[in-house]
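Subject: A structure to look through

Dear colleague,

I am passing on a structure for you to read alongside the notes below. Please open it first, and then follow the text with the model in view.

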Amino acid sequence: TTPDSLAGAPTRQSFWTEGGSLWLPPQESTTAHEIDGLFNFILYASIILTIIVAAAMVYFVWKYRRQSHVDRPVDVHESKWLEMSWIVVPTLLVLVVFFWGFRAYVGTAIPPSDAITVNVKAQKWAWTFEYQNGIQGFGEIWVPVGTPVRLEMTSQDVLHSFYVPEFRIKHDVIPNRYAYVWFEAPRVGTYQVLCTEYCGTAHSNMGALIHVVDRDTYYAALRGEIGNNEPQAPVDLGEQLYTQRNCNTCHSVDGTAGVGPSWQNIWGQPRPGSESGVVDDAYIAEAILYPQAYIVPGYENGNMPSYDGQLNEEQVAGLAAYIREVSGAATEADRVVPT
Ligand code: CUA
């Protein structure tokens with residue numbers, strides 16, 4: 001099944017679309033053809049060499065099989081041209097792969113000087129993007145078509161890896177340091193970001209979307225006008241944040257057990273991880289912003305990341321309203337759209 005974080009992503013196009021092949025997706029960045037060229041060269045060289053070696057082996061096994069009229073095989077003496085060939089040919093192949101690979105590496109490692117920068121933050125189990133003006137994208141980002149985009153990436157917790165198959169970019173994202181990749185997409189489209197470094201329970205749900213859009217749409221995104229910024233009733237805001245901020249990777253709303261406690265019917269119940277009190281607005285706010293405060297029995301691993309500084313008061317209140325909703329305790333006020 002498609003993880004919620006990838007909902008809306010394009011379905012895989014046909015095998016033979018632009019620049020793709022049976023085993024590679026379409027080429028959607030300016031450096032993809034270079035990577036594919038090298039990949040295909042190594043692949044075909046390996047296939048040819050494998051066939052030559054296997055054929056020679058079969059031939060010699062047959063040629064030097066035991067024969068009744070031969071007591072002792074003929075001694076073999078040196079062959080200068082044969083020895084030179086197995087020194088020179090592999091050396092040339094390795095040199096070709098090295099220089100080709102080095103050129104591709106430099107091309108993908110050093111962004112053009114006119115690249116725009118987008119910050120990428122990886123956290124179990126979501127990707128957060130931030131433009132240079134501070135506008136953020138949770139699980140999706142809009143970038144201009146035909147423009148180099150440089151990603152400055154870091155992790156809040158463990159190793160993750162940023163992978164966009166169509167762009168042929170894949171780079172480890174590491175806590176306490178920055179990693180950089182860049183791409184330029186020549187066509188408008190939406191592409192999936194995948195995490196390719198196992199990072200825990202919901203690793204396979206850790207996806208995001210990159211929207212390659214025209215200039216006007218990009219500027220609108222830069223101004224924060226894209227991505228559901230209409231005023232919403234608290235329950236609707238909470239429901240949206242539940243998937244957008246990946247609460248759903250750990251917390252179900254239907255009572256199903258997950259990485260974290262289900263949100264169904266917890267409103268008004270005794271506070272998980274506390275001796276006294278019931279689940280109310282104050283408890284939910286504290287559990288979201290300072291989750292270390294509560295060690296919930298059965299969930300002692302402390303996987304819940306802190307959202308301090310990442311969710312504002314209104315958003316935390318929206319999540320509380322959504323928890324009331326899935327506990328059957330939503331109030332009239334929870335459904336009022338603020339003006
Ligand atoms: Cu993040 Cu796997």
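How many residue pairs are in polar contact between domain 1 and domain 2? There are three such pairs, both residues being at pLDDT 80 or more, where a polar contact is a pair of N or O atoms within 3.5 Å, one able to donate a hydrogen and the other to accept it, and residues adjacent in sequence count only if both atoms are side-chain atoms.

This is a predicted model, in which local features need pLDDT of at least 70 and side-chain atom pairs count only at pLDDT 80 or more, while totals for chains, interfaces and linings use all residues. Residues are numbered from 1 along each chain as its sequence is written, and side-chain values use heavy atoms, without hydrogens and water.

An automatic or database assignment divides the protein into domain 1 (32-109), domain 2 (116-222) and domain 3 (234-335). The centres of domain 1 and domain 2, taken over C-alpha atoms, lie 40 Å apart, and six residues of domain 1 are in contact (heavy atoms within 4.5 Å) with four residues of domain 2.

One salt bridge is counted between domain 1 and domain 2, that is, a side-chain nitrogen of Lys or Arg within 4 Å of a carboxyl oxygen of Asp or Glu. Asp36 forms a salt bridge with Arg168, with 2.6 Å between the closest N and O atoms.

About 390 Å² is buried between domain 1 and domain 2, and carbon and sulfur atoms give 47% of that area, which is the accessible area (1.4 Å probe) lost on putting the two parts together, summed over both. In domain 1, the residues that lose the most area to domain 2 are Ala32, Asp36 and Thr108, together 62% of what that side buries.

With best wishes
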